[in-house]
Amino acid sequence: METSEKKKRKILKWQIVLMVLGFLLLAGGITMIVFFAISDTINPALIIVGCFLLVFAFIMLSYAFLPLIQRGMIKINKQIIEENKEDLKDISSTTGEIASEGVKKVAKSAMEGVNDADKIYCKHCGQLIDSDSKFCSFCGKEQ
Ligand SMILES: [Zn+2]
């Protein structure tokens, strides 16, 4: 089993390798393009290979710096959340209030619906009957 510390070190090693290779390719590509620009004879191989090297260099460097960029993004996001904590709290509590208000309304209307009808459920058969009736109108048993 590989420990996370070892894994981290392995990733870091690859990052450094990619960074070094990327910078070497970048330097090589720029040198070739500069040579192409200053030389008297036009050598298309120089500009083609130079551009290829630059493209590879950018890919390698972006891979090398990706974890750093991601870490930076996470840091910025955390900072934004930290700075807007109060607003976020307000939003969540307002949303909660709206939701609980809705639940209360539904519960209230459900209760009122039963109360308005002034009815009860029979203890024996479960049918809805008048609350003041002594006997159930369905099963005839005393309430
Ligand atoms: Zn009944």
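# Exercises on a predicted model

P67 is found in helix α2. The model is a predicted one. Each exercise below is followed by a worked solution.

## Exercise 1: P67

Determine whether P67 is buried, partly exposed or exposed, and how far it lies from L12.

Solution.
- Step 1. Take the accessibility. P67 has a relative accessibility of 23%.
- Step 2. Apply the cut-offs. Buried means under 20% and exposed means over 50%. P67 at 23% therefore counts as partly exposed.
- Step 3. Compare sequence and space. P67 and L12 are separated by 55 residues in sequence. Their C-alpha atoms are 9.6 Å apart.

## Exercise 2: overall fold and spread

List the secondary structure elements in order, then decide whether the chain is as compact as a globule or more spread out.

Solution.
- Step 1. Count the elements. There are three helices and two strands in the chain.
- Step 2. Order them. Along the sequence the pattern reads α-α-α-β-β.
- Step 3. Check the spread. The radius of gyration is 38 Å, whereas the globule rule gives 15 Å for 143 residues. The chain is therefore more spread out than a compact globule.
- Step 4. Take the box. Along the principal axes, the C-alpha atoms fill roughly 115 × 40 × 35 Å.
- Step 5. Add the burial. Of the 143 residues, 9% count as buried.

## Exercise 3: the largest nonpolar core

Name the residues of the largest nonpolar core and find which helix supplies the largest share.

Solution.
- Step 1. List the members. The core has six residues: M19, L26, L54, A57, L61 and A64.
- Step 2. Assign the helices. Helices α1 (4-38) and α2 (44-83) each supply at least two of these residues.
- Step 3. Find the largest share. Four residues come from α2.
- Step 4. Probe one member. Beyond its neighbours within four places in sequence, L26 is in contact with L54, A57, F58 and L61.

## Exercise 4: D130

Place D130 in its element, classify its exposure and list its contacts beyond the sequence neighbours.

Solution.
- Step 1. Locate the residue. D130 belongs to strand β2, residues 128-130.
- Step 2. Classify it. D130 has a relative accessible area of 40%, so it is partly exposed.
- Step 3. List the contacts. Leaving out neighbours within four places in sequence, D130 touches D118, K119 and I120.
- Step 4. Take one distance. D130 and I120 are ten residues apart in sequence, and their C-alpha atoms are 6.1 Å apart.

## Exercise 5: surface and charge

State the accessible surface of the chain and the separation of its mean charge positions.

Solution.
- Step 1. Take the surface. The accessible surface is about 11,900 Å². Carbon and sulfur atoms account for 67% of it.
- Step 2. Take the charges. The chain has 18 positive and 16 negative charges. Their mean positions lie 13 Å apart.

Key
Residues numbered from 1 in each chain as written. Predicted model: local features only at pLDDT ≥ 70, side-chain atom pairs only at ≥ 80, totals over all residues. Heavy atoms only, no water. Rg over C-alpha atoms; globule rule 2.2 N^0.38 Å. Buried < 20%, exposed > 50% of the residue type's maximum accessible area, 1.4 Å probe, protein only. Areas by Shrake-Rupley, 256 points an atom, 1.4 Å probe, with all protein chains shown as cover. Lys, Arg positive; Asp, Glu negative; His and termini not counted. Charge placed at Lys NZ, Arg CZ, Asp CG, Glu CD. Core = buried A, V, L, I, M, F, W, Y, C linked by side-chain atoms within 4.5 Å. Contact = heavy atoms within 4.5 Å.
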